[in-house]
Amino acid sequence: MPAQTQPAQAIEALLTEVRSFPPNPSFAASANIQDPGVYEAAAADPEAFWASLARELHWFKPFDNILSWTPPHARWFEGGTLNVAYNCLDRHLSGARRNKAAIIFEGEPGDTRVLTYWDLHREVCKFSNVLKQRGVQKGDRVTIYLPMIPEAAIAMLACARIGAAHSVVFGGFSADSLRERIHDSQSTLLITADGGWRRGNIVRLKAAADEALEGNTSIKQVIVVNRTDDPTRVSMHEGRDHWWHRLMEDAPTHCAAEPMESEDLLYILYTSGSTGKPKGIAHTTGGYLTGVYATTKWIFDMKDSDVYWCTADVGWVTGHSYVVYGPLANGATVLMYEGAPDWPKRDRFWSIIEKFGVTILYTAPTAIRAFMKWGTEWPGKHDLSTLRLLGSVGEPINPEAWIWYHKFIGGERCPIVDTWWQTETGSILITPLPALSTTKPGSASRPFPGISADIVNEHGESVGTGNGGFLVLKKPWPSMLRTLWGDDVRYREVYWSRFEKQGYYFAGDGAKTDSDGDYVLLGRVDDVINVAGHRVSTMEVESALVDHPSVAEAACIGRTHEIKGQAISAFVSIKDGIEHSQELQAELKEHVTKKIGAICRPDDIFFAAELPKTRSGKIMRRLLRDIAEGRALGDTTTLADPSVVAALRSQYEDS
């Protein structure tokens, strides 16, 4: 099976990797998980394994049934009631963690805040009461559109505390994207900010929110955090908009945590789909919290003494699971940073690690490749000796970046956990365990205990060691998505129809195992582009381009990019009478940014009189990928006009 997200040379380099790194004995001696028998025990009785981890959480009422499985629907820990915010906050207040730092925040301008567990509990209770006063009830949906500031975590936890489901929208998304997600979730309240900081500039979130709310929407109330501007200069819609700080002034500091059924909805998070419309991933309470709690504790070897930094934004699932819920359920000290890694200088990450004594760093291969490009002098200026474990997330990490990370950031002493998972899986599913795994550059090691994964061919048959195929999950796991919000038919079709006979979840990724049985992830096998660890639908970008009055047709593909993993290349046919130019290229890129967000901005736009199509009219994106990657063209016998491909290749090579 061809992997469509990496060139053949890069895949070959992954598959022939021979370097390996056994566990550090001094690290292993004090690790949370030291017994290799955990894999066998979990495989023998996965339900008992997950139930034992679930019981480490606080339950108002214990569950009486571990799993009900009616493919493709799972129900975990039925009969039990719990509250996610209570598990992240209240249960830490009776002991030494009461006055421990829960969140250490550094803003891009350099401002800092520290919230202890007592502080965070107080703020969450107050904002929970604010939400109630604004009419939010259990079962309602609340949209959160904030920069990477503590109020984002407070808002999420407050929703969880009162039983309202949150839908966090990444602050880099456009007004159109925000409007679409509000409409689909039918949220009744929006939480946003006047703006956030990014590379010395203010991202005007309130202005985008106002645009998104033009016309009829389900939003009745808007709460605005004052982050950047003089509040007297921010446009506020009287009767609808309210300042966060004013509502919080007189809010009561006590709010009882709502007992939630294990299968009650916790949040909806939208992710790109290959059919264009974003998918509302629905995660529930008990199973999700069990998954993120257990994986945080075991994979990151979380200790009370750690200062843990996951660099993801809370607008993505990594921020949900490994900035907020997983670490706080473990009583961790979490670092949050608002800005860019290269502002005001390219050593910002390293200066933050030195300043706060960070011990665990979890970041994306995109960032690591950028750091490599900038050079070793930047981390070399700082004392990184507090680091004891490194993590990688978002996409496969190429071996060269792995080795650089190990040598120049980890000082050749820190284990690296290269993790595979998805928005849909809720928590990490394939990963090393740092005291047990011999790690290899480019390999995510093996499935987490209790996870049943396999690599199969198109018939659902296991391909065996050393062969490539489709990554599938053969049995349910607690943190799995339960459905797509409002569209269970699509849920079945997208994730379960390909291997419906076997009852396998299809992850949409290609993979293979090496001679040791360790997994090597090869990237997406559909038309979703992985840009800097963010999944972008080709259909969404194409639709945005065609929305421009000059464009007749567009096709987008992902090409290999040394920093971002993949970059978007767009092939565009313009309407008769319109002349292509560099100015139009720039205009189209900006148009896409406005329609769906900066992360979806194409790196390349190529004008084409025609796009390669089959005789039935289907655009052959596979050939566009071949052109972009410089590969020999595959089968062209079904093309309506083979000369189109030759013309495109010539243009691409001349660019």
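In this predicted model, D176, R179, D547 and K595 are joined to one another in a network of salt bridges. A search through the whole structure turns up 37 salt bridges, and several of the pairs described below connect parts of the chain that lie far from each other in sequence. The protein chain that carries them has 655 residues, of which 62% count as buried, and it contains 21 helices and 32 strands.

**Salt bridges**

- Side chains of opposite charge can pair when their charged atoms come close.
- K138 and E258 meet through their side chains in a salt bridge, with 3.8 Å from N to O, and this pair links distant parts of the chain, 120 residues apart. K138 sits in the loop between helix 6 (117–133) and strand 6 (141–145), while E258 sits in the loop between helix 10 (244–249) and strand 13 (260–261).
- K138 has a relative accessibility of 44% and therefore counts as partly exposed, and E258, with a relative accessibility of 29%, counts as partly exposed too.
- E211 forms a salt bridge with K594, and the closest N and O atoms of this pair are 3.4 Å apart. Because E211 belongs to helix 9 (residues 205–212) and K594 to helix 19 (residues 582–596), the pair ties together parts that are 383 residues apart in sequence.
- Which of these two residues is exposed, with a relative accessible area of 51%? K594 is the exposed one, whereas E211, at 28% relative accessibility, counts as partly exposed.
- D604 and R559 also meet in a salt bridge, with 2.5 Å from N to O. D604 lies in strand 32 (residues 604–607) and R559 in strand 30 (residues 551–561), so this pair ties together parts that are 45 residues apart in sequence.
- Are D604 and R559 buried or exposed? Both residues are buried.

**A sheet of four strands**

- Four strands make up an open sheet in the order 23-24-26-27, and their pairing is antiparallel. The edges are taken by strand 23 (453–456) and strand 27 (519–524), each of which has a single partner strand, so one side of each is left without a neighbour in the sheet.
- From one strand to the next, the twist of this sheet averages 45°.
- Strand 26 (residues 505–513) and strand 27 run antiparallel and are joined by five bridges, and the bridge partner that T513 has in strand 27 is Y519.

**Helix 9 and its surroundings**

- Helix 9, which holds the E211 of the salt bridge with K594, has L205, K206, A208, A209 and A212 as buried residues. When one looks down the axis of helix 9, its buried residues fall within an arc of 160°, so they line one face of the helix.
- The elements that cover the buried residues of helix 9 include strand 6, helix 8 (175–185), strand 8 (189–193), strand 10 (201–203), strand 11 (221–225) and strand 12 (241–243).
- V234 has its place in the loop between strand 11 and strand 12, and, at 13% relative accessibility, V234 counts as buried because the limit for buried is under 20%.
- Which residues is V234 in contact with, if its neighbours within four places in sequence are left aside? The contacts of V234 are D194, K206, D229 and W243, and K206 is itself one of the buried residues of helix 9.
- The C-alpha atoms of V234 and G195 are separated by 9.8 Å, although these residues are 39 residues apart along the chain.

**Helix 16**

- In helix 16 (residues 399–409), eight of the eleven residues are buried, so this helix is largely enclosed by the rest of the structure.
- The buried residues of helix 16 are P399, A401, W402, I403, W404, Y405, H406 and I409, and the helix is followed by G411, whose phi is positive, near 60°.

**The chain as a whole**

- Taken along the principal axes, the C-alpha atoms of the protein chain fill a box of roughly 75 × 60 × 55 Å.
- A compact globule with 655 residues would have a radius of gyration near 26 Å, and the 24 Å of the protein chain agrees with this.
- Among the contacts in the protein chain with a separation of 6 or more, 72% are accounted for by residues 24 or more positions apart.

Key: Residues are numbered from 1 along each chain as its sequence is written. This is a predicted model: local features need pLDDT of at least 70, side-chain atom pairs count only at pLDDT 80 or more; totals for chains, interfaces and linings use all residues. Side-chain values use heavy atoms; hydrogens and water are left out. A salt bridge is a side-chain nitrogen of Lys or Arg within 4 Å of a carboxyl oxygen of Asp or Glu. Helices (H or I, at least four residues) and strands (E, at least two) are DSSP runs, numbered from the N terminus. Buried means under 20% relative accessible area, exposed over 50%, partly exposed in between (1.4 Å probe, protein chains only). Two strands pair if DSSP finds at least two bridges between them. Axes are lines fitted to C-alpha atoms, for helices over the stretch in contact, and angles run from 0 to 180 degrees between N-to-C directions. The arc is that of the directions from the helix axis to the C-beta atoms. Contact means heavy atoms within 4.5 Å. The radius of gyration is taken over C-alpha atoms; the globule rule is 2.2 Å times the number of residues to the power 0.38.
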